[in-house]
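Some short questions about how the terms are earned. The answers follow the picture.

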Amino acid sequence: MTNVLALIETSASGAITGSAAGLIAAASKLGVPVAVVVTQQGEGAAAVSELGNLGAQHVYLAESPEVGRLMAAAQVEALMSAARELDPSAVILANSVESREIAGRFAVRSGGGLLVDVVDVRTAQDGSAVGVHSIFGGTYTVEATVQSGPTVITLRQGALNEPAASKVPSTTTVSLAVAAGNATTITMVQPVSSGSGRPALRGAAAVVSGGRGLGSKQNFVLVEQLADALGAAVGASRAAVDAGYIEQNSQVGQTGITVSPQLYVALGISGAIQHRAGMQTAKTIVAINKDEDAPIFEVADFGIVGDVFTVVPQLIEALQARSN
């Protein structure tokens, strides 16, 4: 089996982010999963066992004083170093803002082809990597391959949640010399906290979203209450955002955030194509809407035709009773 690199994202404090499990799971479907992580010198040892538990068969630790100081430069150099040593057939990164930047730069430097926002992967009969895309608002599922060079894939967060079997990984540690060149310099990192204690929308395992059918900002609290009962993130349709029910950073859809959770609950959302484009790859979709002809029911696994103000309080009560 060929090596497949998975670039592991880390937080400003050096902690491994939640996208790691999906990246390693995807890499294991294509070959030998090699986790590539960039750290400050001497700070990567703790990550090895964690990445092994997620299924990494080998961990490539790239140490650089420039990580966290230069935007993307150290990560690109780490992938180039790992690619020269391990000759991977594919490289997988998260479909986040930073990792898409890294993926594009690495593809240019390595001569590879780029497959963006992939929702699944498989191996073709000839051994090449195949990326599965959900396109045109989820209307079509298509597959794509790369003709030459390594296949560089950005994976939609939450798309793959089947964890790879845990391993006791071998480790390679290298020191990177990263030239600043014209790379953007990071002078300060200030984490933004929602203050709600709920999971972040992108990459959440469960999402509860509300639409214009909630009627007002005051009524939108019903979405938050159900989300809290489920331990879910809060999302919204563009109509709800435009109406001022919630901030734009909670918008799910073609012009907002694309999510692929295990569970997506849509409350009072009609299901316009723009919204469905951002959530249609969810594993289980539950829709509650009083309009039985609402397009959201076309993609829902479970649909309830009813008033959200009647159905949702009963659902919350049942969830609370069950947890007790």
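**Terms put to the test**

Q: How many salt bridges are counted between domain 1 and domain 2?
A: The count between the two domains is 0 salt bridges. A salt bridge needs a side-chain nitrogen of Lys or Arg within 4 Å of a carboxyl oxygen of Asp or Glu. The model is predicted: local features need pLDDT of at least 70, side-chain atom pairs count only at pLDDT 80 or more, and totals for chains, interfaces and linings use all residues. Residues are numbered from 1 along each chain as its sequence is written, and side-chain values use heavy atoms, with hydrogens and water left out.

Q: What makes domain 1 and domain 2 domains?
A: The bounds come from an automatic or database domain assignment. That assignment gives domain 1 as 3–175 and domain 2 as 196–323. Their centres, taken over C-alpha atoms, are separated by 31 Å.

Q: What is known of the contact between domain 1 and domain 2?
A: Contact means heavy atoms within 4.5 Å. Domain 1 gives 11 residues and domain 2 gives 11 residues. The buried area is about 870 Å², and carbon and sulfur atoms give 49% of that. Buried area is the accessible area (1.4 Å probe) that two parts lose on being put together, summed over both.

Q: Why is the pair lysine 29 and aspartate 120 called a salt bridge?
A: The N to O distance is 2.7 Å. The limit is 4 Å, so the pair qualifies. Lysine 29 sits in helix H1 (residues 20–30) and aspartate 120 in strand S6 (residues 120–123), 91 residues apart. The whole structure has 9 salt bridges.

Q: How do you know that S6 and S7 pair?
A: Two strands pair if DSSP finds at least two bridges between them. S6 and strand S7 (residues 129–135) have 4 bridges, so they pair, in the antiparallel sense. Valine 121 has glycine 131 in S7 as its bridge partner. Strands (E, at least two residues) and helices (H or I, at least four) are DSSP runs, numbered from the N terminus.

Q: Which strands are the edges of the sheet S6-S7-S8?
A: S6 and strand S8 (140–144) are the edges, since each pairs on one side only. The sheet is open and its pairing is antiparallel. H1 lies across S6 and S7, at about 20° to S6. Axes are lines fitted to C-alpha atoms, for helices over the stretch in contact, and angles run from 0 to 180 degrees between N-to-C directions.

Q: How do you know that S3 and S10 pair?
A: Strand S3 (residues 58–63) and S10 share 6 bridges, and at least two are needed, so they pair. The sense is parallel. Tyrosine 60 stands opposite threonine 172 in S10.

Q: What is the order of the sheet of 7 strands?
A: The order is S5-S9-S4-S1-S2-S3-S10, in an open sheet with parallel pairing. Strand S5 (113–118) and strand S10 (170–175) are the edges.
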